[in-house]
Amino acid sequence: MKFFIDTANIEEIREVYELGLLSGVTTNPSLVAKEKDVSFHDRIKEIAALVPGSVSAEVISLDAEGMIREGKELAAIAPNITVKVPMTPDGLKAVAAFSKEGIKTNVTLIFSANQALLAARAGATYVSPFLGRLDDIGQNGLDLISTISEIFAVHGLETEIIAASIRNPIHVTEAALRGAHIATIPYKVLLGLFHHPLTDKGIEGFLKDWNSRTNA
Ligand code: E4P
């Protein structure tokens, strides 16, 4: 499973990119709205120049025509832009049009296996099932990853699964185990994955022993 970061904040992206493990970035209108001093297009351009992998930028229009127009503008920003489209009939119409033109797409707000299957058949490059938001309403987000994963494998679908709306480290481990190709993870959760108290204690112990050598 590859790691994407789920943020539009350039400092967070730079810091994680420098760790050498980042394969892409996802943004959404809510994340972009938190970035006050920069235009949407400028920020997407900045991110796409920094990270060589897929950078998802979401359209705002709700009709296919508007999504196609917006998506083409976004795709023209950089070759690594993926156009993020909501899971609606118009969204999938736009996905089919983008697919014919070789523009990569990420179908977002996926909450059922049927939605994922429809998006894959429309030609989506990625589908984004939202784990956390399903858990929030008492449904099992991780089970959805397993189901989509199995359906895509049975039918030989090449659309990649991005585990989204990740809230904690268990989501990350389980998404990997259940066949998600990618997890898009918020900055704080991603950095939290590095830590274990026994790692910290181990380093402290090794250094203490090293420094206590008498015949160095
Ligand atoms: C994914 O592409 C979305 O941007 C994101 O994961 C949504 O997460 P949230 O449910 O924490 O807002």
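At roughly what angle do the axes of helix α4 and helix α5 cross? In this predicted model, the answer is roughly 45°, with the axes coming within 8 Å. The rest of this report goes through the barrel, the helix packing and the ligand shell.

## The barrel

Let's start with the strands. Eight of them close into a barrel, and the order is β1-β2-β3-β4-β5-β6-β7-β8, with parallel pairing. Ignoring direction, neighbouring strands of this sheet are turned by 25° against each other on average. As general background, strands of a sheet pair through backbone hydrogen bonds, either parallel or antiparallel.

A few of the pairings can be picked out one by one. Strand β1 (residues 2–6) pairs with strand β8 (residues 182–185) over four bridges, in the parallel sense, and there Ile5 stands opposite Ile185 in β8. β1 also pairs with strand β2 (residues 22–26), again parallel and over four bridges; here the bridge partner of Asp6 is Thr26 in β2. Further round, strand β4 (residues 81–86) and strand β5 (residues 105–110) run parallel and are joined by four bridges. Lys84 has Asn106 in β5 as its bridge partner.

## α4 against α5

Back to the opening pair: helix α4 covers residues 64–75 and helix α5 covers residues 89–100, and their axes cross at roughly 45°. Because angles under 35 degrees count as roughly parallel and 65 to 115 as roughly perpendicular, that crossing makes α4 oblique to α5. The crossing of α4 and α5 is right-handed.

On the α4 side, the contact is made by Ala64, Met67, Ile68 and Gly71, while α5 brings Asp90, Gly91, Lys93, Ala94, Ala97 and Phe98. Sorted by class, the contact of α4 with α5 has six nonpolar, two polar and two charged residues.

## α5 against α6

α5 also packs on helix α6 (residues 113–122), at an angle of about 30° and with the axes 8 Å apart. That angle is why α5 counts as roughly parallel to α6.

Who meets whom here? From α5 come Leu92, Val95 and Ala96, and from α6 come Leu118, Ala119 and Ala122. The class split for the contact of α5 with α6 is six nonpolar, no polar and no charged residues.

## α6 against α8

Next up, α6 packs with helix α8 (residues 141–154) at an angle of about 40°, the axes being 9 Å apart. So α6 is oblique to α8, and α6 passes α8 in a right-handed crossing.

The α6 side of this contact has Ala113, Ala116, Leu117 and Ala120, and the α8 side has Leu144, Thr147, Ile148, Ile151 and Phe152. By class, the contact of α6 with α8 comes out as eight nonpolar, one polar and no charged residues.

## Around the ligand

Which residues sit around the ligand? They are Asp6, Thr26, Asn28, Thr108, Ser128, Phe130, Gly132, Arg133, Ala164, Ser165 and Thr184. The shell around the ligand divides into two nonpolar, seven polar and two charged residues.

Some of these names have come up already. Asp6 and Thr26, the bridge partners from the pairing of β1 with β2, are both among the residues around the ligand. The stretch of β5 is residues 105–110, and Thr108 is listed around the ligand too. For β8 the stretch is residues 182–185, and Thr184 is another of the residues around the ligand.

Definitions and conventions
Residues numbered from 1 in each chain as written. Predicted model: local features only at pLDDT ≥ 70, side-chain atom pairs only at ≥ 80, totals over all residues. Near = placed C-beta within 6 Å. Nonpolar A, V, L, I, M, F, W, Y, C, P; charged D, E, K, R; others polar. Axes fitted to C-alpha atoms, helices over the stretch in contact; angles between N-to-C directions. Helix = DSSP H or I, 4+ residues; strand = E, 2+ residues; numbered from the N terminus. Parallel < 35°, antiparallel > 145°, perpendicular 65-115°, else oblique. Left-handed = near helix turned anticlockwise from the far one by under 90°. Contact = placed C-beta atoms within 7 Å. Pairing = 2+ DSSP bridges.
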